[in-house]
Amino acid sequence: MKVHVGDRVSYKAEYSCGQLIREAGVGRVVEIKSIPFTLRTKKDVAVVKENDEQFEIITNGIQVIK
């Protein structure tokens, strides 16, 4: 499903080297950016806002909540 600005989304917890970076939760998409991923491809990244905090996450790592 395509993610749009204003959508309410859920995301999974993120770990790095066994340490919790971000807990799973629910937020709202405030912006969608296209960033270079390799020399020929780009990825869509959503800026998600939750509890006055903003972070970026690749759009295929989130799920739209209806």
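This text leads through the strands, the salt bridges and a few individual residues of the structure.

The structure is a predicted model, in which local features need pLDDT of at least 70 and side-chain atom pairs count only at pLDDT 80 or more, while totals for chains, interfaces and linings use all residues. Residues are numbered from 1 along each chain as its sequence is written, and side-chain values use heavy atoms, with hydrogens and water left out.

The sheet is a suitable starting point. Strands are DSSP runs of E with at least two residues, numbered from the N terminus, and two strands pair if DSSP finds at least two bridges between them. An open sheet of five strands follows the order β6-β5-β4-β1-β7, and its pairing is antiparallel. Because β6 and β7 (62-65) stand at the edges with a single partner strand each, one side of each is left without a neighbour in the sheet. On average, neighbouring strands of this sheet are turned by 45 degrees against each other, direction ignored; the axes behind this angle are lines fitted to C-alpha atoms, and angles run from 0 to 180 degrees between N-to-C directions. Within the sheet, β5 and β6 pair in the antiparallel sense over six bridges, and valine 47 has glutamate 56 in β6 as its bridge partner.

Glutamate 56 also takes part in a salt bridge, defined as a side-chain nitrogen of Lys or Arg within 4 Å of a carboxyl oxygen of Asp or Glu. By this rule the count comes to three salt bridges. In one of them, glutamate 56 is joined to lysine 33, with the closest N and O atoms 2.6 Å apart. This pair links distant parts of the chain, since glutamate 56 is in strand β6 and lysine 33 in strand β4 (residues 25-36), 23 residues apart. Accessibility is described in three classes: buried means under 20% relative accessible area, exposed over 50%, and partly exposed in between, with a 1.4 Å probe and protein chains only. Glutamate 56 is partly exposed at 45%, and lysine 33 is partly exposed at 30%.

Another salt bridge joins lysine 2 and aspartate 44, whose closest N and O atoms are 4.0 Å apart. Here too the pair links distant parts of the chain: lysine 2 is in the segment before β1 and aspartate 44 in strand β5, 42 residues apart. Lysine 2 counts as exposed because its relative accessibility is 56%, whereas aspartate 44, at 31%, counts as partly exposed.

A hairpin comes next. Strand β2 (residues 14-16) and strand β3 (residues 19-22) pair in the antiparallel sense over three bridges, and tyrosine 15 has leucine 20 in β3 as its bridge partner. Two residues lie between these strands. In the turn, cysteine 17 has a positive phi of about 55 degrees although it is not a glycine, and this residue is exposed, with a relative accessible area of 83%. Glutamate 14 forms a salt bridge with arginine 22, with the closest N and O atoms 2.4 Å apart. Glutamate 14 is partly exposed at 34%, while arginine 22 counts as buried at 16%.

Finally, aspartate 7 lies in the segment before β1 (8-11). Aspartate 7 is buried yet has no salt bridge; the nearest side chain of opposite charge, arginine 28, is 6.6 Å away. For this comparison Lys and Arg count as positive and Asp and Glu as negative, and His and the chain ends are not counted.

Methods. Helix = DSSP H or I, 4+ residues; strand = E, 2+ residues; numbered from the N terminus.
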